[in-house]
Amino acid sequence: MENTPSNGRTPRPLSWTELGLGPRSVLGFLLTLALVAGWLYYWFWGHDARSRPAPATRMADVKTLNSFREDVCGPPTPNGRPIAFSMLYSEEKRAWIEDAVDDFARLCPNIQVKLTAMGGLQSAEALLSGEQRPLVWAPTDELIVDYLMARWKARARPEILLEPSERTSLVRSPLVVLVWYDQLRMFQALLSAQSSPEGPWMSSLCALVPRDADPSKTPLEEQLPGRWVDWYDQNAARMPRPAAGERPLPSREELVSWDRVKIQHTSPTHSTSGFEVLYLLAYDYSLPPRQRRAAPADAGPQETVVLGNEQLREAFAQGFSAKKEQLRRWLQRCQAGMPDFPRSTELATQRLLDEGAREFDGVVTFEHLALPLLQRIDRYPGVKPDVRINYPEPTFVNAHAAYLLWPEARGPEIEAQRDAARRWLAYLRGQEQQQKAILHGFRPAIDLSLLDYDVDGNLFLSLRRHGVQPVLEVTEPPRLEGQPLADMVDIWKAAVGRN
C-alpha cells in the first residue's frame, strides 16, 4: 500500500535548504564527487595506461633521407627505432662533443648517443660506485684510467671494466700554464737564476717552500707558497739582465705589491688538470731534476746523460714509495692554507681574466681552454691584458681516448650498441670532425697538420703572439700505474684536509 499524505497530494522533493545544506555545502559535495570520480578513473583506466609501454614511435625511413650514409651509420634498424647507447666524457670537451653529436644525429638517425659530461676523477668515482654505467667512457687522459683501475682492483670488483684494445684516441690537448706576461718573465728569470735543485713545478707552484718543511711550525693561514719579493731577494745577484731593446723586469717595489706567488690549479680529486698537477709535483719531489741524469760507465767527470723513460719510471716509483710521508708534509706546508681549489678547469681558467693579476699570477689549464680566452683578449681593440701561454717541462699531452666498457656483456642488443658506438667514435676521428676539433682548440688525433689548415678560426695560427706553439715540442713525465696513483690522491687529501 502506498504511503501518501492524508491530503492526497503527491509529495514535492525537499530543497537543499530544507535538507540543511547551504550553497557552500552543495559546492563542496559536488567537488568531492568529482574528485572521487577522477580517482576511480585513474585507478581503473589511467593507472593501467601508465603501466603499459608507450606505443613505438617510428623514425622516418632513413633510406629516403638524402644525408643518410650506410657506410658511416650502418644499416637502418628493422623496427625503425634508433640504437641508443650512453657516453660519459670529460666536461672540458663538451662544446666539441655536443656540436659533433648534433651533426651525427642528422647524418645517422638510426643511432642515438646519450651524453653525460663530468670532471675527470669525478667520472672515475661515478663508475666505481655504479652511479654511472655507460657503454663509452672518454676521460681526458689515461692517467684517470690507471687511477680507476687501481681503485677497481682494490675493491675486488668482479666485472672486467675495459679492455685496452678497445681504445680510441679522439683529440690531443697539453696541460699548460696561462700566465700574465710580466709574471712569466719574472718566473723565467728567477728559475734560471736560483741555485735550488728543485724542478720547475715545485719551484713555481710552491715557491720557497723547502722540501723538509715542518708544517706544524707554521699557522694554517701561512701554509702557502712564498712571496715574490723574498724569492727575488734570494736571487737578485744572479738575475739575468734584459737583452737590448727588451723592457726591464718588474721592479722590487712592484714585486712587493704582487704579494705571494699565486698559480691556481683545480682540485686533484675532481678535475684531471688538478690530478696532473699533483702528479707533476710528486714527480719533482720524488725525483729531482739532478737525479734524472746519470753518468755512463765510460764518461768523464762532467758527462751525464738523461735516463731512458723506463729508467725514469722505475726511479720515480722508488722515490715516491720512499718519500710518501715527506711529500705529505711538504704538500701541507704549501697548500693547506689555500682558500679553495676549483672543481672545473674551465671556470678556473675564466677566473684568471675576470679577477685579474692581483688575484692570480697564472692558472694551470688545458691548451684548448686557454685558446678561447686568448681569442677573447684579441677581440678588444683597446687596452689588452698581456697574457701568455706557457708549455712547462715536463707536462702531459692528454690523448682524450675513448673506451668501450663491459667487454663481458653479451647479446644481440649489446653487440648492436657496440657497433653503433664504434661508428660514432670513427665519425669523431674523421677529417671533418677533426678539423672542427681544431676550431675548438684541440690538436687532431689523426695525421692533420695545424700549419696547413689555414682557415679563419684556427687559433693555433692566429694566436702565436701569445706563445701558442702550432708544432708542439714538450717532454712528458714517466707514467706510473696502479696503486701509486691512488696513493697520491690519498696523500693530498690528508695534506690539505679536503676531499
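Here are legends for a set of views of this predicted model, starting with the whole chain and then moving in on a few spots.

**View 1. The whole protein chain, as a place to get your bearings.**
This is a predicted model, so keep that in mind for each view below. The protein chain has 499 residues, and 46% of them count as buried. Its secondary structure adds up to 18 helices and 13 strands. Take the contacts between residues at least 6 apart in sequence: 77% of these join residues at least 24 apart. As for the outside, the accessible surface is about 25,800 Å², and carbon and sulfur atoms account for 52% of that.

**View 2. The largest pocket and the residues around it.**
The largest pocket holds about 380 Å³ of space. It is lined by 18 residues, and those closest to its centre are Lys262, Met338, Pro339, Glu359 and Phe360. What sort of residues make up the lining of the largest pocket? Nine are nonpolar, seven are charged and two are polar.

**View 3. The largest cavity, with no nonpolar residues in its lining.**
Rolling a probe the size of a water molecule over the atoms shows where empty space is left. The structure has one cavity of 30 Å³ or more, and the largest cavity has a volume of about 30 Å³. Its lining is made up of Glu91, Glu92, Gly119, Gly120, His270, Ser271, Thr272, Arg343 and Thr345. Sorted by class, that lining comes to six polar and three charged residues.

**View 4. His265, a buried residue in a loop.**
Look for His265 in the loop that runs between strand S6 (263–264) and helix H10 (272–286). Is His265 buried or exposed? With a relative accessible area of 5%, His265 is under the 20% cut-off, so it counts as buried. Its side chain makes a polar contact of 2.9 Å with the side chain of Gln335. Setting aside neighbours within four places in sequence, His265 is also in contact with other residues, including Leu205, Gly274, Val277 and Phe341. Pro342 and Val364 are among its contacts too.

**View 5. Ser203 in helix H7.**
Here the residue to find is Ser203, which sits in helix H7. Its relative accessibility is 7%, so Ser203 counts as buried. Which residues does Ser203 touch, not counting those up to four places away in sequence? They are Leu191, Gln194, Ser196, Glu198 and Trp231.

**View 6. Leu208 and Trp406, each with a positive phi.**
Leu208 is not a glycine, yet its phi is positive, at about 70°. You'll find Leu208 in the loop between helix H7 (200–205) and helix H8 (228–235). Leu208 is partly exposed, because its relative accessible area of 32% falls between the 20% and 50% cut-offs. Trp406 isn't a glycine either, and its phi is positive at about 55°. The loop that holds Trp406 runs between strand S12 (401–405) and helix H15 (412–428). Trp406 has a relative accessible area of 8%, so Trp406 is buried.

**View 7. A cis peptide bond between Glu393 and Pro394.**
The last stop is the peptide bond joining Glu393 and Pro394, which is cis, with omega at about -5°. Where does Pro394 sit? Pro394 is in the loop between strand S10 (387–390) and strand S11 (397–398).

How values were computed. Residues numbered from 1 in each chain as written. Predicted model: local features only at pLDDT ≥ 70, side-chain atom pairs only at ≥ 80, totals over all residues. Heavy atoms only, no water. 1 Å grid on protein atoms, 1.4 Å probe; cavity = no way out; pocket = protein on both sides within 12 Å on 5 of 7 lines; lining within 4 Å. Points joined across faces, edges and corners; volume = space filled by probe spheres on them. Nonpolar A, V, L, I, M, F, W, Y, C, P; charged D, E, K, R; others polar. Helix = DSSP H or I, 4+ residues; strand = E, 2+ residues; numbered from the N terminus. Buried < 20%, exposed > 50% of the residue type's maximum accessible area, 1.4 Å probe, protein only. Polar contact = N/O pair within 3.5 Å; in protein donor to acceptor, adjacent residues only side chain to side chain. Contact = heavy atoms within 4.5 Å. Areas by Shrake-Rupley, 256 points an atom, 1.4 Å probe, with all protein chains shown as cover.
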